Amino acid sequence: MENNTTRYEGLLSSEVRIQLTDLLKAVALTSVPQRSNVKRLCSIAIEMLDNAQRHCSKGKVNFAWTLIGNTITIRIENRASANDAERLMAAVEMVNGMSPDELSAAFRNQLENGTFGEHGGAGLGFIDIARKSHGGINAEVFPLSENEWLCRSQVETQLI
């Protein structure tokens with residue numbers, strides 16, 4: 001298995017997200033061992049890109065997918081409002097404090113009873129990422145101005 005990194009920095013639109021998804025699938029299929037679930041790995045990246053697109057204040061992201069040994073690290077940075085930065089930190093803290101059974105129950109509950117938020121999301125994103133990555137979600141936020149924050153999210157998961 002060869003170590004590699006795939007990066008994208010720029011505007012994030014639905015079309016770009018689709019193209020990145022295709023690229024990540026191709027990268028994963030050529031560099032991830034056969035025993036791994038490529039669909040699971042790509043869905044984590046897709047969910048992170050989707051969250052960044054929904055909550056990005058400037059439309060630009062900095063995305064990296066890195067494979068080193070048996071570990072995939074997916075990292076994304078975007079600018080967001082103070083409210084969205086707070087929600088990011090709260091969501092990550094919530095899912096990192098849940099067991100696998102609690103994550104599954106929360107996911108089912110949100111599917112059955114969830115409502116859509118102001119950006120269209122139903123709150124499933126980080127629950128789904130945590131379920132699929134088996135934990136390992138980190139987030140940091142940094143104030144850039146009174147109304148804008150830099151949000152950095154990272155998921156690290158082992159190939160299984």
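Begin by selecting Ile74 and Val155 in this predicted model: Val155, in strand β5, is the bridge partner of Ile74. Extend the selection to the whole of β3 (71–80) and β5 (149–158). These two strands pair in the antiparallel sense over ten bridges.

**Strand β3 and its other neighbour**

Keep β3 displayed and colour its residues by burial. Eight of its ten residues are buried, so the strand is largely enclosed by the rest of the structure. Next, add β2, residues 60–68. Strands β2 and β3 are antiparallel and share eight bridges; within this pairing, Thr73 in β3 is the bridge partner of Thr66. Follow the chain through the hairpin of β2 and β3, where two residues lie between the strands. Select Gly69 there, which takes a positive phi near 60°.

**The complete sheet**

From β2, proceed to β1. Eight bridges join this antiparallel pair, and Arg7 stands opposite Ala64 in β2. Now display all five strands: they form an open sheet in the order β1-β2-β3-β5-β4, with antiparallel pairing. The edges are β1 (4–11) and β4 (137–143), each of which pairs on one side only. From one strand to the next, the twist averages 10°.

**Helices on the sheet**

Select residues 38–55 to show helix α2, which lies across β2, β3 and β5. Its direction runs at about 10° to that of β3. Then select residues 125–133, helix α5, which packs on the sheet and touches β4 and β5. The directions of α5 and β5 make an angle of about 30°.

**Helix α3**

The last stop is helix α3, residues 82–96. What end-to-end span should its 15 residues give at 1.5 Å a residue? The expected value, taken as 1.5 Å times one less than the number of residues, is 21 Å, and the end C-alpha atoms are 21 Å apart, which agrees.

Select Asp84, Ala85, Leu88, Val92 and Val95, which are buried in α3. Orient the view down the helix axis: the buried residues fall within an arc of 105°, so they line one face of the helix. Which exposed residues are carried by the face turned away from the buried side of α3? They are Glu86 and Glu93.

To finish, display what surrounds the buried residues of α3. The cover includes helices α2, α4 (100–113) and α5, together with strands β3, β4 and β5. The view thus returns to β3 and β5, the pair joined by ten bridges.

Key: Residues are numbered from 1 along each chain as its sequence is written. This is a predicted model: local features need pLDDT of at least 70, side-chain atom pairs count only at pLDDT 80 or more; totals for chains, interfaces and linings use all residues. Side-chain values use heavy atoms; hydrogens and water are left out. Two strands pair if DSSP finds at least two bridges between them. Helices (H or I, at least four residues) and strands (E, at least two) are DSSP runs, numbered from the N terminus. Axes are lines fitted to C-alpha atoms, for helices over the stretch in contact, and angles run from 0 to 180 degrees between N-to-C directions. Contact means heavy atoms within 4.5 Å. Buried means under 20% relative accessible area, exposed over 50%, partly exposed in between (1.4 Å probe, protein chains only). The arc is that of the directions from the helix axis to the C-beta atoms.
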